[in-house]
Amino acid sequence: MTGTNPEILGFLGLGVMGSAECHNLLRKSGHPVVVFDPKPDNLGPLVAAGATAAGSAGEVAAAADIVFLSLPGGPEVSSVLYDTGGILDSARPGTLVVDLSTTPVGIARAAHERLAQRQCGFLDAPVARTRKAAIAGTLAIMAGGTAADFARAEPLLRTMGTDVTHCGPAGAGALLKLVNNTVVFETVVALAEAVTLARRSGLVADEVLFDVLGGGSAGSFALENHGRSALLPDVHPTGIFPAAYMRKDIGYTLDVAAELGVELPAATLAHSLLDRLCDEGFADNYHTAVVRLLDKAGS
């Protein structure tokens, strides 16, 4: 920040989650926001809301004091950071990059090191919860990095989320997001098994199943959000957290486990189910479509 002028914010990646996150940042922060997305159609709504469009990731990095990333995964984050003309080439000393994406722990830790060599900061700060939460600004955000960088970013993160936690050093946020998604999908698999068994029995109506589980010790966020919204009506749309993304994230979890010499049998099974689900043509569908595998297996 120079004098009384607010820091300029940058935002890269205006997809399903990023567009909602950026809208909240623009609306609540009081800072000017410069945006870029490789799909021009994604820029229009943000520009209409008051953001300034840039022509590349490098232009955003050159203009902004704090740059937020909301990208599909590790390869895209690495490309935006390190490709010629990208953030590492264009950012000024003192720039802070905040990665809201779900990124492998190794890529997050390397980004901290490489940006520090250019006197820039980095937070791995992935988000959890749904598109609806992104729109409402009620995401959970888990950040890894230095206390100083977190303190600088925290007020801005709170425009997007209600539960914002500094989890530890570089890579801590990335690790906890992978753990979160792994637990979520393992729970979705358990719910898919329960609903398949109940339907085949003919003894219990779907609504009764979910009411009893939700009111008992099996109640959970996954049951109320993924279960009631998708498994109960057996509707698994495209355009929200697809099976291919969940497969990627659990794959990242298994990579960390392999590096640490930890066996994760449930996560390994979950990943194999996602492989099958994608092979069956459901890669773009909501990951709750895993119930279709169980239903088919029992046909």
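# A predicted chain and its two nonpolar cores

The chain holds 14 helices and nine strands. Its radius of gyration is 20 Å, close to the 19 Å that the globule rule gives for 299 residues, so the chain is as compact as a globular protein of that length. Please keep in mind as you browse that this is a predicted model.

**Overall build**

- Measuring along the principal axes, the C-alpha trace of the chain spans about 70 × 45 × 35 Å.
- Of the 299 residues, 49% count as buried.
- Among contacts with a separation of 6 or more, 67% come from residues 24 or more positions apart.
- The accessible surface of the chain is about 13300 Å², and carbon and sulfur atoms supply 58% of that surface.
- On the charged side, there are 21 positive and 31 negative side chains, with 4 Å between the centres of the two sets.

**The nonpolar cores**

- The largest nonpolar core contains 32 residues, and those with the most contacts inside it are Phe11, Val35, Phe68, Val98, Leu100, Ile141 and Leu157.
- Both helices and strands feed this core: the elements that give two or more residues are strand 1 (9–12), strand 2 (33–36), strand 4 (66–69), strand 5 (96–99) and strand 8 (139–144), together with helix 1 (18–29), helix 7 (131–136) and helix 8 (147–157).
- A second core, separate from that one, has 28 residues, including Ala198, Ala222, Leu232 and Leu254.
- As background, nonpolar side chains in soluble globular proteins tend to be buried together.
- Phe11 is a good place to start looking: leaving out residues up to four places away in sequence, Phe11 touches Gly18, Glu21, Cys22, Leu25, Val33, Val34, Val35, Phe36, Val60, Phe68, Ser70 and Leu100.

**Two buried residues to look up: Asp65 and Gly227**

- Asp65 sits in the loop between helix 3 (57–63) and strand 4.
- With a relative accessible area of 15%, Asp65 is buried, because buried means under 20%.
- Beyond residues up to four places away in sequence, the contacts of Asp65 are Glu7, Ile8, Arg92, Gly94, Thr95, Leu96 and Arg152.
- Gly227 belongs to helix 11 (residues 221–231), and its relative accessibility of 0% makes Gly227 count as buried.
- Setting aside residues up to four places away in sequence, Gly227 touches Phe210, Ala222, Leu232 and Pro233.
- From Gly227 to His271 the chain runs 44 residues in sequence, and the two are 19 Å apart in space, C-alpha to C-alpha.

**Helix residues and their partners: Tyr252 and Ala136**

- Tyr252 is part of helix 12, and with a relative accessible area of 12% Tyr252 is buried.
- Apart from neighbours within four places in sequence, Tyr252 is in contact with Gly73, Gly74, Pro75, Thr102, Thr103, Pro104 and Leu178.
- Tyr252 and Val105 are 147 residues apart along the chain, and their C-alpha atoms are separated by 8.0 Å.
- Ala136 is located in helix 7, where its 46% relative accessibility counts as partly exposed.
- Not counting residues up to four places away in sequence, Ala136 touches Asn24 and Lys28.
- Ala136 and Val204 are 68 residues apart along the chain, with 35 Å separating their C-alpha atoms.

**Positive phi angles outside glycine**

- Arg129 is not a glycine, and yet its phi is positive, at about 95°.
- The loop between strand 7 (127–128) and helix 7 is where Arg129 is found.
- Arg129 is partly exposed, with a relative accessible area of 37%.
- Asp234, another residue other than glycine, has a positive phi near 55°.
- The loop that holds Asp234 runs between helix 11 and helix 12 (243–260).
- Asp234 has a relative accessible area of 28% and is partly exposed.

Key:
Residues numbered from 1 in each chain as written. Predicted model: local features only at pLDDT ≥ 70, side-chain atom pairs only at ≥ 80, totals over all residues. Heavy atoms only, no water. Helix = DSSP H or I, 4+ residues; strand = E, 2+ residues; numbered from the N terminus. Rg over C-alpha atoms; globule rule 2.2 N^0.38 Å. Buried < 20%, exposed > 50% of the residue type's maximum accessible area, 1.4 Å probe, protein only. Contact = heavy atoms within 4.5 Å. Areas by Shrake-Rupley, 256 points an atom, 1.4 Å probe, with all protein chains shown as cover. Lys, Arg positive; Asp, Glu negative; His and termini not counted. Charge placed at Lys NZ, Arg CZ, Asp CG, Glu CD. Core = buried A, V, L, I, M, F, W, Y, C linked by side-chain atoms within 4.5 Å.
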